[in-house]
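Visitor: I would like to go through this chain with you, one question at a time. Could you show the sequence and the structure before we begin?

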Amino acid sequence: MAQLQLMTPQDYLEWEEQQPIKYEYINGEVYAMTGGTIPHNDIALNLASAFKNHLRGKGCKVQIADAKVGISTKGPFHYPDVMVSCDLRDQKARKIIYHPCLIVEVLSPSTEAFDRGKKFKHYRRIETLKEYILIDSEKMSIECYRLNERNKWELTSYSLEEAADTQSELNVEFTSINFQCSISLVYEDVVFPEESIE
């Protein structure tokens, strides 16, 4: 049986620059990034736009899917849907962000288990990370994992069902960047599966 040739982080970074698509890098192996759906893209764009407006002039950078995050210089390397860094070390970065305070992944059925499991495990190794956000692209549901004062990750969930109970607009809080917005802003113009016509 052929032995799989593992790539060094440097080999991966040089090789990926020559590729027509993006690849994530984990433990010497590369994984092609698949294209997302239009709702997936709408959610990421809505959030990135809101973050950008809120953080304008505050020394933070908002990145979307084409920006790579490095857990360390040796990897793993991932492409979050949205991330924010307010760290001076990332201000002049051209290829890789290493010090984000907030990372957002928009869930799809094919990536949900990985985003919740192994990817979150990787992200938790980033010392500057304070918040990890998982957003469902098929219904109004957002999960915010936040690092509390005891250095433990706490979950706060926001869903449309909760908003229906209170009869008021549900606001989602992003404490790492001192920002809140309505859940409807995050899902603005998003068409859910039961509404779609392909």
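Visitor: How many Å does H2 reach from its first C-alpha to its last?
Guide: Please keep in mind throughout that this is a predicted model. H2 has 18 residues, and at 1.5 Å a residue a span of 26 Å is expected. The reach in the model is close to that expectation, at 25 Å.

Visitor: Which residue caps the N-terminal end of H2?
Guide: The cap is recognised here from a side-chain oxygen that lies 3.2 Å from the backbone nitrogen of His 40. The residue that supplies this oxygen is Thr 37.

Visitor: Which residue with a positive phi follows H2?
Guide: Beyond the helix the chain adopts a phi near 80°. The residue with this positive value, following H2, is Gly 57.

Visitor: What does the side chain of His 54 meet through a polar atom?
Guide: His 54 lies in helix H2 and is listed among the buried residues of that helix, which also include Phe 51 and Leu 55. Leaving aside residues up to four places away in sequence, His 54 touches Ile 177, Asn 178 and Phe 179. At 2.8 Å from a polar atom of the His 54 side chain lies the backbone oxygen of Ile 177.

Visitor: How are the rings of Phe 51 and Phe 174 arranged, stacked or edge-to-face?
Guide: A pair of aromatic rings is described by the distance of the centres and the angle of the planes. For Phe 51 and Phe 174 the centres are 5.1 Å apart and the planes make an angle of 80°, while an angle over 60 degrees is what the edge-to-face class requires. Both residues are buried, and their pair links helix H2 with strand E12, across 123 residues of the chain. The arrangement of Phe 51 and Phe 174 is therefore edge-to-face.

Visitor: And how many aromatic pairs does the count come to?
Guide: The count rests on ring centres that lie within 6.5 Å of each other. By that rule the number of aromatic pairs is 12.

Visitor: What is the angle between the planes of Tyr 12 and Tyr 25?
Guide: Tyr 12 is in helix H1 and Tyr 25 in strand E1, 13 residues apart, and the pair links these distant parts of the chain. Tyr 12 is buried at 0% relative accessible area, and Tyr 25 is likewise buried, at 3%. Their ring centres are separated by 4.7 Å and the pair is stacked, with an angle between the planes of 25°.

Visitor: The charged end of which residue sits over the ring of Phe 120?
Guide: Phe 120 belongs to one aromatic cluster together with Tyr 123, Tyr 132, Tyr 145 and Trp 153. The charged end that sits over the Phe 120 ring, 4.6 Å from its centre, is that of Arg 124.

Visitor: What is the handedness of the disulfide of Cys 60 and Cys 86?
Guide: A search of the whole structure finds one disulfide, formed by Cys 60 and Cys 86 with their sulfur atoms 2.0 Å apart. Cys 60 lies in the loop between helix H2 and strand E3, and Cys 86 in the loop between strand E6 and strand E7, so the pair ties together parts that are 26 residues apart in sequence. The torsion about the S-S bond is about 110°, so the disulfide is right-handed.

Visitor: Is Cys 86 buried or partly exposed?
Guide: Its partner Cys 60 has a relative accessible area of 19%, and because buried means under 20%, Cys 60 counts as buried. Cys 86 has a relative accessibility of 36%, so the class that applies to Cys 86 is partly exposed.

Visitor: How far is the sulfur of Cys 144 from the nearest cysteine sulfur, that of Cys 181?
Guide: Cys 144 is buried at 0% relative accessibility, and Cys 181 is buried at 8%. A disulfide needs sulfur atoms within 2.5 Å, and Cys 144 is in no disulfide. The distance from Cys 144 to the sulfur of Cys 181 is 9.5 Å.

Notes
Residues are numbered from 1 along each chain as its sequence is written. This is a predicted model: local features need pLDDT of at least 70, side-chain atom pairs count only at pLDDT 80 or more; totals for chains, interfaces and linings use all residues. Side-chain values use heavy atoms; hydrogens and water are left out. Helices (H or I, at least four residues) and strands (E, at least two) are DSSP runs, numbered from the N terminus. Buried means under 20% relative accessible area, exposed over 50%, partly exposed in between (1.4 Å probe, protein chains only). A polar contact is a pair of N or O atoms within 3.5 Å; within protein, one must be able to donate a hydrogen and the other to accept it, and residues adjacent in sequence count only if both atoms are side-chain atoms. Contact means heavy atoms within 4.5 Å. The expected span of a helix is 1.5 Å times one less than its number of residues. Rings of Phe, Tyr and Trp (its six-membered ring) pair if their centres lie within 6.5 Å; planes under 30 degrees apart count as stacked, over 60 as edge-to-face and the rest as tilted. A charge sits over a ring if NZ of Lys or CZ of Arg is within 6 Å of the ring centre and within 35 degrees of the ring normal.
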